Amino acid sequence: MAIERTLSIVKPDAVAKNVVGKIVDRFESAGLKVVAAKMKQLSRAEAEGFYAVHAARPFFKDLVDFMVSGPVFVQVLEGEGAVLKNRDLMGATDPKKADKGTIRADFAESIDANAVHGSDSAENAAIEIAYFFPASEVYGR
Ligand code: RTP
Ligand code: MG
């Protein structure tokens, strides 16, 4: 499988719960490497731009309200099949439906406050990584 990069966000609920390190450990233990990272308070414009694909959805305002409710921890993960591997580690969008042992099952509160974001394709990963990190801030292979 190819070495990929994916964008991961530890969302405001998980940052507030002080479990950033526990979540990063899930990724590292699964063989993904953190190759860029920062904390950031998103502006409304940044959150709306990031989730622009969902702009017409009924949950969009709640999603943006939540994403600006506190700082997030944004990181780039690198490794074999990183996009799918990250999605598998995260679990289903709704933590009530997430498999046991996944990040959302263990740390998320609700479908809104669901602890993590992960890119859903290699194409979107490239776009999302560039949204937050200039190439000079990504320290991969
Ligand atoms: P994410 O983009 O944050 O990694 O989450 P995802 O791929 O698992 O889910 P997606 O469909 O992309 O939705 C983005 C975020 O919007 C919220 N959502 N709410 N109330 C609802 O039906 C609903 N559906 C989605 C979730 O917080 C989801 O993470
Ligand atoms: Mg998504």
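These legends accompany close-up views of ligand 1 and its surroundings in a predicted model.

Local features here need pLDDT of at least 70 and side-chain atom pairs pLDDT 80 or more, while totals for chains, interfaces and linings use all residues. Residues are numbered from 1 along each chain as its sequence is written, chains are lettered from A and ligands numbered from 1 in the order written, and side-chain values use heavy atoms, with hydrogens and water left out.

**View 1. The shell around ligand 1.** Here you can meet the 14 residues that surround ligand 1 (a heavy atom within 4 Å). K11, Y51, T93, I111 and N114 are the closest. By type, the shell holds 5 nonpolar, 5 polar and 4 charged residues, with Tyr counted as nonpolar and Gly as polar. Helix α5 (82-90) and strand β4 (116-118) each give at least two of the shell residues; both are DSSP runs (helices H or I, at least four residues; strands E, at least two).

**View 2. Polar contacts to ligand oxygens.** Look for pairs of N or O atoms within 3.5 Å. Polar side-chain atoms of Y51 and R87 lie 2.6 Å and 2.9 Å, respectively, from an oxygen atom of ligand 1. I111 takes part through a backbone N or O atom, 2.6 Å from a ligand oxygen. Taken alone, ligand 1 exposes 560 Å², and the protein buries 79% of that (Shrake-Rupley, 1.4 Å probe).

**View 3. The annotated domain.** An unreviewed UniProt entry lists residues 3-140 as "domain: Nucleoside diphosphate kinase-like"; such annotations may be inferred rather than shown by experiment. The end C-alpha atoms of this span lie 10 Å apart, and 40% of the span is helix and 20% strand.

Definitions and conventions:
Polar contact = N/O pair within 3.5 Å; in protein donor to acceptor, adjacent residues only side chain to side chain.
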